[in-house]
Amino acid sequence: MKEIPYKIYLEENEMPKQWYNVRADMKNKPSPLLNPATLKPMGFEDLRPVFCDELIKQELDDTTPFFDIPEEILDFYKMYRPSPLVRAYFLEKALDTPAKIYYKFEGNNTSGSHKLNSAIAQAYYAKKQGLKGVTTETGAGQWGTALSMACSYFGLDCEVYMVKVSYEQKPFRREVMRTYGASVTPSPSESTAVGRKILKEFPGTTGSLGCAISEAVEAATSKVGYRYVLGSVLSQVLLHQTIIGLETKAALDKYQIKPDIIIGCAGGGSNLGGLISPFMGEKIRGEADYRIIAVEPASCPSLTRGKYVYDFCDTGMVCPLAKMYTLGNGFIPSANHAGGLRYHGMSSILSQLYADKLMEAVSVEQTQVFDAAVQFARVEGTLPAPESSHAIRVAIDEALKCKETGEEKTIVFGLTGTGYFDMLAYEKYNNGEMRDYVPTEEDLAKGFATIPTLQ
Ligand SMILES: *Cc1c(COP(=O)(O)O)cnc(C)c1O
């Protein structure tokens with residue numbers, strides 16, 4: 001018998017009842033969103049046409065450390081939470097490492113990822129405000145799937161603009177969304193002015209998240225009773241995702257486990273931010289120290305090769321400007337297989353933490369990510385999402401370093417989702433046809449050229 005169970009489950013009544021706002025503890029606060037017209041910080045009234053009122057309050061709040069999770073959201077969470085923290089005994093054995101590896105698994109719901117944690121919160125606040133529906137974009141399809149589930153639960157209309165390359169590559173995700181009652185449009189589309197403009201400028205483009213965001217915002221603001229919701233990047237999303245980190249911390253505390261290294265994949269930063277927030281809070285307050293590592297694809301390296309400047313959150317330049325690590329709003333990454341990690345920017349909270357050197361970042365190439373994914377699937381059983389597999393890659397690398405040095409480090413990583421809808425990517429890998437795309441300096445320069453110059 002092992003002392004620590006393979007899966008550490010919390011009881012239902014041990015599930016956290018509040019989200020934690022790490023900004024309250026940050027010494028250097030993330031820079032405010034700027035109004036694209038006036039370049040002044042966005043206030044409550046500026047954001048009201050686009051977002052739900054309660055979510056704007058969360059977005060703008062840099063000081064309140066805890067937010068109560070409404071009862072209705074807790075009820076929904078109970079369908080699939082608390083999620084397990086798994087001790088990767090089988091992976092440790094396969095690697096022959098003295099490191100102890102844990103992963104927090106967020107794929108145990110039909111949408112298959114952590115995104116449901118914020119989708120249900122955003123749908124709840126929209127419903128409470130008496131809205132008819134919400135619009136959004138989706139890249140790989142996980143966010144759209146999560147949102148369509150959440151909207152059907154609360155009886156809200158759900159319009160999804162899906163990045164064209166995913167729309168074509170992932171017809172089953174599209175059908176899941178439609179099954180839950182959402183309407184799905186490939187982006188760029190002819191149904192918005194910004195979509196038509198982008199199509200004219202870049203005929204044949206397979207789309208990007210930034211471009212789909214522009215379309216969804218336009219769709220929301222041009223109809224009465226609709227608001228726009230976003231699955232990542234924003235501080236409100238990161239706040240909702242802290243349920244991941246709070247549960248992880250509670251489960252570790254239950255067995256007096258202290259992690260040395262915490263690893264997560266970073267697209268817009270929501271799962272990573274949510275996982276690390278409570279640990280980062282301790283680190284900032286000087287109560288504990290952790291190595292925290294963000295992992296991004298080498299094909300879309302916003303933290304490791306981007307610039308820390310104000311940039312538009314979307315390609316159409318209709319959204320606010322955020323100060324973040326960015327590759328430029330016009331950066332269109334090569335068609336890699338981790339659709340959830342193709343965003344040009346990064347959460348302004350994580351950007352500030354990274355700028356303050358409270359967090360590290362590494363980029364990894366796609367074939368090595370799939371090497372790790374397959375190795376993990378074969379020993380741990382779970383088929384990981386390509387996005388999540390970025391974290392697996394670095395967890396394995398860190399565990400192998402421990403093998404060399406003999407250190408018994410404790411590694412925790414976020415396993416954000418399952419890969420059932422990513423079998424085309426696995427097929428490419430299994431056939432030996434997967435290629436790595438790393439942007440050249442010239443490719444990056446093209447993206448940087450689209451960053452606005454501010455006085
Ligand atoms: C969307 C997604 C991500 C990346 O988004 P973040 O906001 O950076 O967390 C990672 N993993 C999965 C499975 C996703 O669906």
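In which helix is the place of L303? L303 sits in helix α13, which spans residues 302–305; helices (H or I, at least four residues) and strands (E, at least two) are DSSP runs, numbered from the N terminus. Residues are numbered from 1 along each chain as its sequence is written. The model is predicted, so local features need pLDDT of at least 70 and side-chain atom pairs count only at pLDDT 80 or more, while totals for chains, interfaces and linings use all residues, and side-chain values use heavy atoms, with hydrogens and water left out.

L303 is buried, with a relative accessible area of 3%. Buried means under 20% relative accessible area, exposed over 50%, and partly exposed in between (1.4 Å probe, protein chains only). The C-alpha atom of L303 is 8.7 Å from that of L327, with the two positions 24 residues apart along the chain counted as their separation.

A second buried residue is C151, at 1% relative accessible area. C151 belongs to helix α6, residues 142–154. Its C-alpha atom is separated by 38 Å from that of L454, and the two residues are 303 apart along the chain.

The ligand comes next. It is surrounded by 19 residues, and the closest are K115, S232, G267, S270 and N271; a residue is near a molecule if one of its heavy atoms lies within 4 Å of it. By type, this shell holds 4 nonpolar, 13 polar and 2 charged residues. Here Ala, Val, Leu, Ile, Met, Phe, Trp, Tyr, Cys and Pro count as nonpolar, Asp, Glu, Lys and Arg as charged, and the others, Gly among them, as polar.

Several oxygen contacts can be located. An N or O atom in the side chain of K115 is 2.6 Å from an oxygen atom of the ligand. For S232, a polar side-chain atom lies 2.5 Å from a ligand oxygen. G268 takes part through its backbone, where a polar atom is 3.1 Å from an oxygen atom of the ligand. A polar contact is a pair of N or O atoms within 3.5 Å. Of the 380 Å² of accessible area that the ligand has on its own, the protein covers 98%; accessible areas come from the Shrake-Rupley method with a 1.4 Å probe.

The space taken by the ligand is the largest cavity. On a 1 Å grid over the protein atoms alone, a cavity is a set of points where a 1.4 Å probe fits but cannot get out, and a molecule sits in it if more than half of its atoms lie within 2 Å of its grid points. The elements that give two or more residues to the shell are α12 (270–284) and α16 (386–405).

Some backbone details remain. R81 and P82 are joined by a cis peptide bond, with omega about -10°, and P82 is in the loop between α3 (71–77) and β4 (85–87). Another cis peptide bond joins S187 and P188, with omega about 5°. P188 lies in the loop between β8 (183–187) and α9 (193–201).

V233 has a phi near 65°, a positive value in a residue other than glycine. V233 is in the loop between β9 (226–228) and α11 (235–254), and counts as buried because its relative accessibility is 11%. Q256 also has a positive phi, near 50°, and lies in the loop between α11 and β10 (261–265). At 72% relative accessibility, Q256 counts as exposed.

Key: A polar contact is a pair of N or O atoms within 3.5 Å; within protein, one must be able to donate a hydrogen and the other to accept it, and residues adjacent in sequence count only if both atoms are side-chain atoms. On a 1 Å grid over the protein atoms alone, a cavity is a set of points where a 1.4 Å probe fits but cannot get out, and a pocket is an open set with protein on both sides within 12 Å along at least five of seven lines; lining residues have an atom within 4 Å of a point.
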